[in-house]
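Let's walk through this one together, question by question. Have the sequence and the 3D view open as you read.

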Amino acid sequence: MRTWKACLAAAALTAAATTGATTVITTGALAQDKEITLCWAAWDPANALVELSKDFTAETGISMKFEFVPWTNFADRFLNELNSGGKLCDLLIGDSQWIGGSATYGHYVKLNEFFDKEGISMDDFLPATVYAYSTWPKGAPEYWALPAMGDALGWVYRKDWFAKPELQSAFKAKHGRDLAPPKTWTELKEVAEFFQGREIDGKTVYGAAIFTERGSEGITMGVTSALYSWGFQYQNPEKPYDMKGFVNSADAVEGLEFYKTIYECCTPPGYSDSYMVANLDAYKSGQVAMMMNWFAFFPGLAKDEAVGGDKTGFFVNPGQKIEASTLGGQGISVVSYSDKKDLALQYIKWFAKPDVQKKWWSLGGYSCHTAVLGDPDFAKTAPFAADFLKAMSGVQDFWQEPTYAELMQAMQKRVHDYVVADKGTAQEALDKLIEDWTVTFEDDGKL
Amino acid sequence: MTDSPINGVAEQVARGTPQPLATRFRGLSDRAIAWIFISPTIVLLLAINIFPLIWTVYLSFTNYRANRPGRPIEWVGTRNYERLLGSEDIWGYLQATAHFVCWTMALQVLLGLGLALLINRNFKGAGFWTTVILIPMMLSPAVVGVFWTYLYQPQTGIFSYILNLFGDFGPIDMIGSVGLAPWSIIIVDTWMWTPYIMLLCLAGLRSIPEYLYEAAEIDRANALQKFWHITLPRVLPFLMLAVLFRGIENFKMFDMVVELTSGGPGSTTELASINLKREAFESWRTGYSSAFAVILFVTVFGLGNIYVKALNRVKQ
């Protein structure tokens, strides 16, 4: 009997685990009418938010339920939810690129009136995050989200390997400078090439783990981190949607070609479809000397048993022609289809408080509040805090247009075709990208 | 007829039996009763098959986007079809699909028939081996896709390891290499679905009467002649049916390939159905993707009909 019970329990757990692509967590045990659901991606900061939200439940008596979906399905799942007018989420921490569509199609509640009434000022948040996560049309004082989770693309490196005297001297002999975190993409390639295929502690290691994923947004996020450093622009600043000579400028072509050379020279074998989690696995298992990833993962890495502490260092995305980083992160919005908008707004009001924002940072969330980021000691609060501040001062984001998904799919295809599948030239890839984007904007009535 | 106890029982049973339908639906013709019975099925069929099909054809001539319910639907004529048929990319996806379908069918027919001939020899343990061979087709395609990514892993995967036993090839990147990726999905599909072809062929082989072979023995036919003149013609209808089912399935292959390669590297393994899903539910170009769906439907339907006619001819 006991065996049967154990088997049943195991089967139930297995079923829950295999079907549980979505994590549902409920805090508190209050009546359902005083419960709101917050939707986000399933990753480290989401766990920190669960911890943080316990204070909200204690303070207001409103119970919190969480729907966390893995990044690979995040956009599919929640954009479908929004497009179908679903009531699953009362609050949604959606990607920055969704803001245009969600504002235009009425998925999010406009927060201006609420902010005015509750005395929440956008001046209390880092301007770059307000611009990226909250406003639509871009830069207009029309707010659809509260900056919730600041993020940008950054890099980590094996500090312990970089410090090895024999590697230091070998690198200096070859390049005439110290083996140190790279400041430019050219330096990054030299360091990556230096480590590629090298034996360290009896194991073959590789240069760098970069984003190459095809399915969602991976390779676009990786490629743009190089393109931005080469001064890439999506359109003519004087003439919106005029892309010729900007998207396919000589610098953009050079940046894309450079990213491809890093993919070819310095990634581990079989690195053709990798994004956040694959990069973390490669880094934590000691396969690579450097890894690109989102700052959101850095608190976890700093504490990691295998590679954390003194073994890992951090650096901001290298510059080339300019210094710039790819923007990550999200704002928190109230879903307009929710029946509990008032309770959801209470959460936003609570979350905007400076003391809550401080605790958010201390738990591993990246606050965008000036009370946190403007603190003179902020840079000392974590080994990556100073780099985070530096990165956020030069972030650039992908299109935030209502047709974002279509624009993203086109870029994923064109750059993956070129970088990974070695199809055509960088110039052809970017020319075709302009053709795709032109059709999209024409269909959308923008051109 | 004598009044026996048996007749009494029959009378009781007859009384307990429901009245004939014609009596219950008094006044209705047999044809009307038949319609009453099949009408729920027809309504269901119309609602979930025919109406969506007609609606899809209509949408294919519009600029409709499912993520913008408030936007007026504009009639764009044949623009979606022109874009599709004039797109190099679409022809690339169709080529990738044709490559996948043709090679999987060829390999599965050869291996499936070969395995069926082996299993049909009724050796000791044939039942056990049949079960073992059938295991792959019982798995979920998504699960198969995921675990083959591990098997194909260039550094730690068993596939690369085994190939390196035959020479120093280094890490073999099956999924990330443009040349190998199309073969990687063909290998996995063949591994998974050859048992299905084998099973149908086995049914065909078991249905061949033994006396045909005995007669061939008397005529001093050799093994090849027996295979060519008896086995193959008798198995062919079964084999063709299996190819029809698998061909249609592979034409719309999605889950296994998405898990395995996501359509990459680049668009090397982006089959038509993968692109269709991306256009319909990621880019939300509903009108455009409806046109693509119509083209795919017409292709499969047309090829399927030609094939069924050929199948009927073989049966005759």
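Two residues are in contact if their C-beta atoms, placed from the backbone, lie within 7 Å. Please keep in mind that this is a predicted model.

Q: Which residues is Gly270(A) in contact with, leaving aside its neighbours within four places in sequence?
A: Start with the setting: Gly270(A) is found in the loop between α11 (250-266) and α12 (276-284) of chain A. Leaving aside neighbours within four places in sequence, its contacts carry the chain letter B. They are Gln153(B), Pro154(B), Gln155(B), Pro171(B), Asp173(B), Ile175(B) and Gly176(B).

Q: Is Gly270(A) buried or exposed?
A: A residue is buried if 20 or more other C-beta atoms lie within 10 Å of its own. Gly270(A) has 22 other C-beta atoms within 10 Å, so this loop residue counts as buried.

Q: How many residues does the contact between the chains take from chain B and from chain A, and how is the side of chain B divided by class?
A: The contact takes 21 residues from chain A and 24 residues from chain B. By class, the side of chain B that touches chain A holds five charged, seven nonpolar and 12 polar residues.

Q: What scores does the model have, and what is the mean pLDDT of chain B?
A: For the model, pTM is 0.85 and ipTM is 0.79. In chain B, 92% of the residues reach a pLDDT of 70 or more. The mean pLDDT of chain B is 90.

Q: Where does the largest nonpolar core lie with respect to the domains of chain A?
A: This core has 139 residues, and those with the most contacts inside it are Ala208(A), Leu256(A), Met290(A) and Met291(A). Its largest share, nine residues, comes from helix α18 (residues 404-419) of chain A. Domain 1 (2-151 + 329-396) and domain 2 (153-326 + 403-443) of chain A both give residues to the core, so it lies between them.

Q: Which residues does Ala208(A) touch, not counting residues up to four places away in sequence?
A: Ala208(A) is one of the residues with the most contacts inside the largest core. Two others from that group, Met290(A) and Met291(A), are among the residues it touches. The full list is Ala192(A), Ile262(A), Cys266(A), Thr267(A), Val288(A), Ala289(A), Met290(A) and Met291(A).

Q: How far apart are the C-alpha centres of the two domains of chain A, and which elements give two or more residues to the side of domain 1 that touches domain 2?
A: The C-alpha centres of domain 1 and domain 2 of chain A lie 27 Å apart. Their contact takes 25 residues from domain 1 and 23 residues from domain 2. The domain 1 side divides into 14 nonpolar, seven polar and four charged residues. The elements that give two or more residues to that side are α2 (44-60), α3 (71-83), α4 (99-104), α17 (385-392) and β14 (395-396) of chain A.

Q: Which residues stand opposite Leu92(A) in β2(A) and in β13(A)?
A: Strand β4 (residues 91-95) of chain A is largely enclosed by the rest of the structure, because five of its five residues are buried. Two bridges join it to strand β2 (residues 35-41) of chain A, and the two run parallel. With strand β13 (residues 330-334) of chain A, β4(A) pairs in the antiparallel sense over five bridges. Opposite Leu92(A) stands Cys39(A), while its bridge partner in β13(A) is Ser333(A).

Q: Which residues is Val257(B) in contact with, leaving aside its neighbours within four places in sequence?
A: Val257(B) is found in helix α12 (residues 255-261) of chain B, and it is buried, with 25 other C-beta atoms within 10 Å. Its C-alpha atom is separated by 9.5 Å from that of Val146(B), 111 residues apart along the chain. Its contacts are Gly145(B), Ile185(B), Thr269(B), Leu271(B) and Ile274(B).

Q: What separates the C-alpha atoms of Leu84(B) and Gly264(B)?
A: Leu84(B) has its place in helix α4 (residues 79-85) of chain B. Leaving aside neighbours within four places in sequence, Leu84(B) is in contact with Ile90(B), Ala291(B), Phe292(B) and Ile295(B). Gly264(B) is 180 residues apart from Leu84(B) along the chain, and their C-alpha atoms are separated by 21 Å.

Terms used:
Residues numbered from 1 in each chain as written. Chains lettered and ligands numbered in written order. Predicted model: local features only at pLDDT ≥ 70, side-chain atom pairs only at ≥ 80, totals over all residues. Core = buried A, V, L, I, M, F, W, Y, C linked by C-beta atoms within 7 Å. Buried ≥ 20, exposed ≤ 12 C-beta atoms within 10 Å, placed from the backbone. Helix = DSSP H or I, 4+ residues; strand = E, 2+ residues; numbered from the N terminus. Domains from an automatic or database assignment. Nonpolar A, V, L, I, M, F, W, Y, C, P; charged D, E, K, R; others polar. pLDDT = per-residue confidence, 0-100. Pairing = 2+ DSSP bridges.
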